[in-house]
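Colleague: Please take a close look at one sheet of this model and tell me what surrounds it. Add how far the prediction can be trusted there.

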Amino acid sequence: MELSPYTQFTPYLSHSTFCCKFDSNHFIDSDFSSYQIFSPLQLQKAVTKRKAEYLAGRFCAKKVLNALGIFSFDILSGNNRAPIWPDKVIGSITHTQGIAMAMASQRTDIAGIGIDIEQLMSAKQERELQEQILHPNDYPQFRLFAEQVSHPLTIIFSAKESIFKALYASVKQFFGFEAATLIAFNEQQLQFKITEALSPQVPKDTYLTVFYQCDKNIVLTECEFKNS
C-alpha cells in the first residue's frame, strides 16, 4: 500500500503536522514492516480497512515525531485506544476513508491537541443525526451556521470530536457531545463553551476555539487546549 503526502489541507494550528492518502484495498500485512511501523497484537484479527487506517495514522505520527527530533518511537494505544505519545509530547491522530493525519507539539503551554477528519454526511444523515450530535443550546447558532455552509452538522460533529481529543488528557474519562455547545462562528472558526465541569482543569464555562475547513467531500477540524 502506498502512503503518499496529501497536501490539500493547510492546518491553522502551527504544530508539526503530516497528512497522507492511501488505498486500503492495496494493503498487505507486510506493509507494517515496509514502513517500519509496529503492528500490535490486538490488530492481528482486525479487518483490512482497520489495519490500513492504523498503519497510515501511525505513519503520519512517525513523520511528525521525526520533525520534532524524535526517532525510533512506537506509538502504542492505551486501554482507551488513545495513542500513547512520548513524554512531553502532545499529539493527535485521525483518519477517514483514504486519508490520515497526525499533529504533535512539544510546547509546554499545550495541554491537549485534537484533530479530526470526516467524510461529509449526506443531507439525509444531516437531518436524522441532529439530536444525537447537537446540544439543545446549539440550535440557535446551528441554524445560522447552516445558512453559511453546506454541511453544518458534519462540521460540528467533527469539531466536537476534536474537542474530545483535545480535552481527554485533562479529563481522563469519556464525555458526550452535550458537554460542549456552539456559541459563535465565522468562516474559519467555531467557538464552543463547556456546559458542565469535566475536571479541575476543565471547569464549566471553559471556552474553546475549533478551526475548520472543507476540501471536496471531507472536513478537517483542529482544536488545542492550553494549560491555564
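Modeller: The reply below covers the sheet, the helices on it and the pocket lining.

This is a predicted model, in which local features need pLDDT of at least 70 and side-chain atom pairs count only at pLDDT 80 or more, while totals for chains, interfaces and linings use all residues. Residues are numbered from 1 along each chain as its sequence is written, and side-chain values use heavy atoms, with hydrogens and water left out.

The pLDDT (the predictor's confidence in each residue, from 0 to 100) averages 94 for the protein, and 100% of the residues score at least 70. Its lowest mean, 91, falls in helix α4 (residues 130–133), and its highest, 98, in strand β4 (residues 99–105). Helices and strands here are DSSP runs (H or I of at least four residues, E of at least two), numbered from the N terminus.

The sheet is open, with 5 strands in the order β5-β9-β8-β7-β6 and antiparallel pairing; two strands pair if DSSP finds at least two bridges between them. β5 and β6 (180–185) are the edge strands and each has a single partner, so one side of each lacks a neighbour in the sheet. On average, neighbouring strands are turned by 25° against each other, direction ignored. Such angles are taken between axes, lines fitted to C-alpha atoms (for helices over the stretch in contact), and run from 0 to 180 degrees between N-to-C directions.

At the β5 edge, 9 bridges join β5 to β9 (residues 218–226) in the antiparallel sense. In this pairing, isoleucine 115 has glutamate 222 of β9 as its bridge partner.

Helix α6 packs on the sheet and touches β5, β6, β7, β8 and β9, its direction making about 150° with that of β5; contact means heavy atoms within 4.5 Å. Helix α5 (residues 139–146) lies across β6, β7 (189–194) and β8 (207–215), at about 45° to β6.

β5 (110–119) and α6 (152–171) also each supply at least two residues to the lining of the largest pocket, as do α2 (48–67) and β3 (90–96). That pocket holds about 1,000 Å³ of space. Of its 34 lining residues, Arg81, Ala82, Pro83, Ile93 and Lys165 are closest to the centre. A pocket is an open set of points on a 1 Å grid over the protein atoms alone, where a 1.4 Å probe fits, with protein on both sides within 12 Å along at least five of seven lines; lining residues have an atom within 4 Å of a point. Grid points are joined across faces, edges and corners, and the volume is the space filled by probe spheres set on them.
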